[in-house]
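Work through the exercises below with the sequence and the structure side by side, and try each task before you read its solution.

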Amino acid sequence: MSDTEADVIVVGAGPGGSATAYHLARHGVRVLLLEKTNFPREKVCGDGLTPRAVKQLIKLGVDTSPEAGWLHNRGLRVIGGGIRLELDWPDLASFPNYGLVRTRLDFDDLLASRAVEAGALLHTGTNVVAPVLDDTGRAVGVTAEVGPDKQPTTFRAPLIVAADGVSGRFPLAMGLAKREDRPLGVAVRRYYRSPRHRDDYLESWLELRSREGGDRLLPGYGWIFGMGDGRVNVGLGVLNSSSAFGKTNYRRMLTDWLGSTPADWGLADEANADGPILGAALPMGFNRVPHYTRGVLLVGDSGGMVNPFNGEGIAYAMESGELAAEVAVQALARSAGADRERALAQYPAELKIRYGGYYRLGNIFVKLIGNPQIMRIATKHGMPHPTLMRFVLKLLANLTDPRGGDAMDRMINAMTKVAPAV
């Protein structure tokens with residue numbers, strides 16, 4: 001078999017694509033992992049990983065120790081309604097009790113390297129431009145521009161995994177447009193040099209105040225994540241349920257909010273900025289479906305799998321990548337045709353079982369908090385109650401034990417089961 005033929009082609013070497021390639025290769029499947037950029041590469045992200053993402057890193061055999069360059073955190077610090085509350089990650093059988101921080105600059109490179117070590121063949125500088133379709137409209141390969149001279153190249157495989165991120169160019173080429181009735185967020189972030197760079201907690205701001213206009217309340221939510229290297233990752237997000245969505249200069253809003261933070265943090269001083277303000281969209285709640293069609297499986301952001309409750313995408317990209325690999329391994333062991341398609345149909349069905357009800361609740365949550373009045377009331381009356389906020393943390397971070405667990409776990413699990421799947 002040549003370097004342009006495989007059992008599975010994975011388009012995109014972000015966390016979802018690399019996780020897919022790793023798990024496929026571990027099962028002896030020949031995988032081509034095609035990435036348009038070269039590593040290391042920058043990505044717009046908060047750089048904070050919850051225990052849900054940490055679990056997936058451990059499955060990939062990644063050393064998550066501080067000695068390996070990871071900054072550990074104990075939980076989430078929530079700020080709102082004049083209250084500052086530190087919530088530790090829950091102690092669960094299903095997930096570790098720590099989160100991590102690491103820049104995407106080398107995070108994605110590290111995961112792609114794990115896929116290569118497992119046996120995947122990585123092609124960087126390979127921009128996939130279109131699917132290759134057979135007479136029935138099924139994808140049987142991809143065409144790509146390779147290298148600085150954009151050499152046209154065709155890669156072939158009976159299965160394609162689209163993990164090309166929020167742009168979703170490959171799914172779009174297959175006729176899969178995003179759904180406008182699902183949540184969408186926009187996030188902007190910037191690095192700053194700050195004495196707050198070492199922090200045991202990820203910090204989440206439920207209310208953002210303007211330094212202009214008499215302490216005016218800004219739309220959206222914010223974060224400050226210490227990087228441990230002298231810098232912090234600071235950013236904010238706005239959801240499409242907000243009246244300010246699409247009508248706001250988000251970069252200016254970020255500097256406006258930071259101008260109201262204490263001077264000794266160094267975030268109001270432009271001289272402490274380390275790089276530009278960058279922005280990205282957050283495709284939430286299955287905003288592109290179906291997740292399998294005509295030989296193509298969608299993984300991570302390509303399938304709109306960002307958690308509507310908290311904007312987390314990396315964990316779900318890696319989880320869906322692992323599931324896509326499991327389904328593909330079973331499908332490839334069957335004869336092409338109806339028997340194989342039956343196996344592949346399990347992928348969207350299992351995604352719906354795992355996340356459908358939870359994302360439905362998240363979609364409702366997004367609509368509610370898009371109303372500033374509701375958000376203000378929820379913050380005012382919720383923040384003074386630590387037990388309630390621990391429940392909220394479990395719900396928002398999707399951290400429960402599926403069997404057993406405490407009363408909070410059982411309540412959240414029951415809520416996601418009775419909610420109609422999206």
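**Exercise 1.** Find which residues Tyr347 touches, not counting residues up to four places away in sequence, and then place Tyr347 in its nonpolar core.

*Solution.* Contact here means heavy atoms within 4.5 Å, and by this criterion Tyr347 touches His291, Tyr292, Leu297, Leu298, Val299, Met305, Ser320, Leu323, Ala324 and Val327. Next, a nonpolar core is a set of buried Ala, Val, Leu, Ile, Met, Phe, Trp, Tyr and Cys residues joined through side-chain atoms within 4.5 Å, where buried means under 20% relative accessible area. The largest such core has 61 residues, and Tyr347 is among those with the most contacts inside it, together with Val10, Leu24 and Leu57. Its largest share, 11 residues, comes from helix 6 (residues 314-332), helices being DSSP runs of H or I with at least four residues and strands runs of E with at least two, numbered from the N terminus.

The model is predicted, so local features need pLDDT of at least 70 and side-chain atom pairs count only at 80 or more, while totals for chains, interfaces and linings use all residues. Residues are numbered from 1 along each chain as its sequence is written, and side-chain values use heavy atoms, with hydrogens and water left out.

**Exercise 2.** Locate Ala157 and decide whether it is buried or exposed.

*Solution.* Begin with the loop between strand 11 (151-156) and strand 12 (159-162), where Ala157 sits. Its relative accessible area is 5%, so Ala157 is buried. Finally, list its contacts under the same counting rule, not counting residues up to four places away in sequence: Ala6, Asp7, Val8, Ile9, Ala139, Val140 and Gly141.

Terms used. Buried means under 20% relative accessible area, exposed over 50%, partly exposed in between (1.4 Å probe, protein chains only).
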